[in-house]
Amino acid sequence: MWLLGLGALAQTVLWYGDYCKDQSYIDHVFKRFDADGNGTLERKELRGLLEAVAPEGCVVDGADVTYILEQFDANSDGVIDRDELLPMLAKWAHIAYDKI
């Protein structure tokens, strides 16, 4: 039987705690911008999210929304769902800073 050492176990517990915090944050962000509560972010809701997290001086336009949907709408349903949100937010941060 393979057992984790106490140090490895402690690290695993810390990583899991961080993961849970990240998931809670994603849930909070998603619910905040999913105005109609249908479990997806449509173009208007997505644009609101992009504007909210963009750095000062970054102007979000329709082309940004289209690009995000093209790149991160993994199931091609025309919206961003919760599972697509985290990778999208990570990439959007880089895109937004490059725009200013």
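## Exercises on helix α2 and its neighbour α4

In this predicted model, the axes of helix α2 (residues 43–53) and helix α4 (residues 82–99) approach to within 11 Å, crossing at roughly 45°.

**Exercise 1.** Work out how α2 and α4 are oriented to each other.

*Solution.* Start with the crossing angle, which is roughly 45°. Next, recall that angles under 35 degrees count as roughly parallel, while 65 to 115 counts as roughly perpendicular. The two helices are therefore oblique to each other. To finish the picture, add the handedness: α2 passes α4 in a right-handed crossing.

**Exercise 2.** Find which residues of α2 and α4 meet, and sort them by character.

*Solution.* Look at α2 to begin with: Leu-46, Leu-49, Leu-50 and Val-53 take part. Their partners in α4 are Leu-85, Met-88, Leu-89 and Trp-92. Now sort the residues of this contact: eight are nonpolar, none is polar and none is charged.

**Exercise 3.** Explain why the buried residues of α2 lie on the same side of the helix.

*Solution.* First list them: Glu-45, Leu-46, Leu-49 and Leu-50 are buried in α2. They span an arc of only 140° around the axis, so they sit on the same side of α2. A general rule helps here: an α-helix has 3.6 residues a turn, so residues three or four places apart point the same way.

**Exercise 4.** Is Lys-44 buried or exposed?

*Solution.* Locate Lys-44 in helix α2. Its relative accessible area is 76%, and the cut-off for exposed is over 50%, so Lys-44 is exposed. As an extra step, compare Lys-44 with Asp-34: they are 10 residues apart in sequence, and their C-alpha atoms are 9.8 Å apart in space.

Note on methods: Residues are numbered from 1 along each chain as its sequence is written. This is a predicted model: local features need pLDDT of at least 70, side-chain atom pairs count only at pLDDT 80 or more; totals for chains, interfaces and linings use all residues. Side-chain values use heavy atoms; hydrogens and water are left out. Axes are lines fitted to C-alpha atoms, for helices over the stretch in contact, and angles run from 0 to 180 degrees between N-to-C directions. Helices (H or I, at least four residues) and strands (E, at least two) are DSSP runs, numbered from the N terminus. Angles under 35 degrees count as roughly parallel, over 145 as roughly antiparallel, 65 to 115 as roughly perpendicular and the rest as oblique. A crossing is left-handed if the near helix is turned anticlockwise from the far one by less than a right angle, and right-handed if clockwise. Contact means heavy atoms within 4.5 Å. Ala, Val, Leu, Ile, Met, Phe, Trp, Tyr, Cys and Pro count as nonpolar, Asp, Glu, Lys and Arg as charged, and the others, Gly among them, as polar. Buried means under 20% relative accessible area, exposed over 50%, partly exposed in between (1.4 Å probe, protein chains only). The arc is that of the directions from the helix axis to the C-beta atoms.
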